[in-house]
Amino acid sequence: MINIGEVLLNLWESSGFAYIFANLTAGGWQNLVMIIISCVLLYLAIVKKFEPLLLLGIAFGCLLTNLPGAGLYNQELWTNFMTEGHEAYHSYGTILKNGGLLDFFYIGVKTSIYPCLIFMGVGAMTDFGPLLSNPKSLLLGAAAQLGVFAAFFGAVVLGFTGPQAASIGIIGGADGPTAIFLTSQLAPELLGAIAVAAYSYMALIPMIQPPIMNALTTPEQRKIKMVQTRNVSKAEKIIFPILVTVFVALLLPDTAPLIGCLMLGNLAKETGITDRLSDTMQNALMNIVTILLSTSVGATMVGSNFLTGETLKIVVLGVVAFGLSTAGGLVGGQVMCKLTRGKVNPLIGSAGVSAVPMAARVANTVGQKNNPSNFLLMHAMGPNVAGVIGSAIAAGFLLSVFG
């Protein structure tokens with residue numbers, strides 16, 4: 001005869017509730033706190049609309065991975081991912097045999113497949129015309145990488161290892177896929193914190209950048225109107241991604257996956273004969289990969305890894321990196337303004353960070369507040385897309401040094 005009391009007792013003991021309450025002084029409290037944090041992130045994504053396409057998945061992945069007993073993500077499998085004397089496919093075999101659903105999703109992050117596919121979609125949605133019409137924009141994109149290297153040295157001073165510091169510094173590039181690509185290779189244990197910091201600051205661009213822009217430019221400079229850029233031929237737009245791929249991949253081979261996918265997507269768009277492929281990259285592929293990428297990144301936010309002093313340091317260093325990158329672009333814009341005798345509005349330098357097209361829109365908005373007839377959007381798009389290339393190159397450089 002079935003003992004109802006024993007059945008209920010076994011059900012309780014095998015539940016996640018029992019684990020949390022029985023281990024409140026051990027690891028249970030961490031799971032409980034992370035569940036609360038995931039709910040806060042869901043609120044920011046749904047109600048406040050902070051990068052909802054990615055933050056929703058990250059938050060729900062965080063929720064799933066911190067439900068005790070579900071076994072959706074097993075941190076210990078990835079901690080022991082590569083043991084001495086074993087090849088990668090043996091480790092993946094262990095993951096496929098013993099892992100949960102989110103472990104399978106995370107394979108795409110570990111192998112850098114998801115960030116590269118995201119870059120392919122970004123390339124298909126990017127117009128390099130503003131950059132080609134004003135090649136000097138490349139310099140502003142380079143200047144806006146200041147925060148990457150400043151935060152790197154700051155992280156080293158705070159006690160992080162070289163690979164960890166490189167992963168933290170790349171937050172300053174304001175490019176989520178690049179941050180995930182580099183961190184998954186160099187410091188996967190920090191992936192959750194770095195991904196949340198990177199995407200949170202990208203969502204907060206309209207709040208973070210304007211005070212820095214106003215502090216580093218004068219009202220007269222913000223009123224500068226820029227002349228219309230020249231028209232770029234179709235041939236230029238087709239040749240550009242090919243040349244950039246060859247040059248950058250030869251200069252920094254570790255950058256080839258990101259730059260190659262970015263330029264393949266752009267080439268599919270610009271040729272005009274592969275509209276179906278371009279449409280797939282921009283829509284279906286991007287949507288599918290975004291779901292897998294966001295949930296698997298959220299799965300790395302295990303309480304025991306996330307609730308540490310290192311996470312707080314990463315959050316602080318991330319905002320410093322982002323602010324310094326914005327400042328670096330503005331200083332570059334100031335120099336360009338002086339050299340052109342006031343023909344360049346230095347505000348467009350702030351768009352040198354890689355957040356496309358949000359940073360360009362913010363530059364345009366601040367410019368119009370000072371001069372309603374000022375339209376800086378297309379001028380700011382040049383540094384903005386240059387920032388995409390610049391952050392990928394910075395990541396490739398750091399990977400070649402510490403990888």
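A residue is called buried when its relative accessible area is under 20%, exposed when that area is over 50%, and partly exposed in between. With these words in hand we can walk through the structure above, keeping in mind that it is a predicted model.

Let us begin with the chain as a whole. Its secondary structure comes to 23 helices and 0 strands, and the C-alpha trace spans about 90 × 45 × 40 Å along its principal axes. For 403 residues, a compact globule would have a radius of gyration near 22 Å, and because the chain has 23 Å, the two values agree. Of the 403 residues, 53% count as buried. If we look at contacts in the chain with a separation of 6 or more, residues 24 or more positions apart account for 77% of them. Turning to the surface, the chain exposes about 18200 Å², and carbon and sulfur atoms supply 69% of this area. As for charge, there are 19 positive and 17 negative side chains, and the centres of these two sets lie 21 Å apart.

We can now move to the aromatic rings, where a search of the whole structure finds 6 aromatic pairs. In one of them, the rings of Phe 152 and Phe 153 have centres 5.1 Å apart and planes at 70 degrees, and because planes over 60 degrees apart count as edge-to-face, the pair is given that name. Although these two residues are neighbours in the sequence, their surroundings need separate descriptions: Phe 152 has a relative accessibility of 12% and therefore counts as buried, whereas Phe 153, with a relative accessible area of 54%, is exposed. Phe 152 also forms an aromatic pair with Phe 402, and this pair is tilted, with 5.5 Å from centre to centre and 45 degrees between the planes. Here the pairing links distant parts of the chain, since Phe 152 belongs to helix 11 (residues 146-157) and Phe 402 to helix 23 (residues 377-402), 250 residues apart. Phe 402 itself has a relative accessible area of 26%, so this residue is partly exposed. Elsewhere, ring pairs link Tyr 73, Trp 78 and Tyr 106 into a cluster.

Helices 11 and 23 appear again when we ask what surrounds helix 12. Helix 12 (residues 162-169) is mostly covered, with 6 of its 8 residues buried, and these are Gln 164, Ala 165, Ala 166, Ser 167, Ile 168 and Gly 169. What covers them includes helix 11, helix 13 (176-186), helix 14 (191-203), helix 21 (309-339) and helix 23. Helix 13, one of these covering elements, is mostly covered in its turn, with 10 of its 11 residues buried. Among the buried residues of helix 13 are Gly 176, Pro 177, Ile 180, Phe 181 and Leu 186.

A last stop is Cys 261, which lies in helix 18 (residues 256-271). At 16% relative accessibility, Cys 261 falls under the 20% limit and so counts as buried. Leaving aside residues up to four places away in sequence, Cys 261 touches Cys 116, Phe 119, Met 120 and Ala 256. The C-alpha atoms of Cys 261 and Phe 119 are separated by 5.8 Å, although the two residues are 142 residues apart along the chain.

Notes
Residues numbered from 1 in each chain as written. Predicted model: local features only at pLDDT ≥ 70, side-chain atom pairs only at ≥ 80, totals over all residues. Heavy atoms only, no water. Helix = DSSP H or I, 4+ residues; strand = E, 2+ residues; numbered from the N terminus. Rg over C-alpha atoms; globule rule 2.2 N^0.38 Å. Buried < 20%, exposed > 50% of the residue type's maximum accessible area, 1.4 Å probe, protein only. Contact = heavy atoms within 4.5 Å. Areas by Shrake-Rupley, 256 points an atom, 1.4 Å probe, with all protein chains shown as cover. Lys, Arg positive; Asp, Glu negative; His and termini not counted. Charge placed at Lys NZ, Arg CZ, Asp CG, Glu CD. Phe/Tyr/Trp six-rings, centres within 6.5 Å; stacked < 30°, edge-to-face > 60°.
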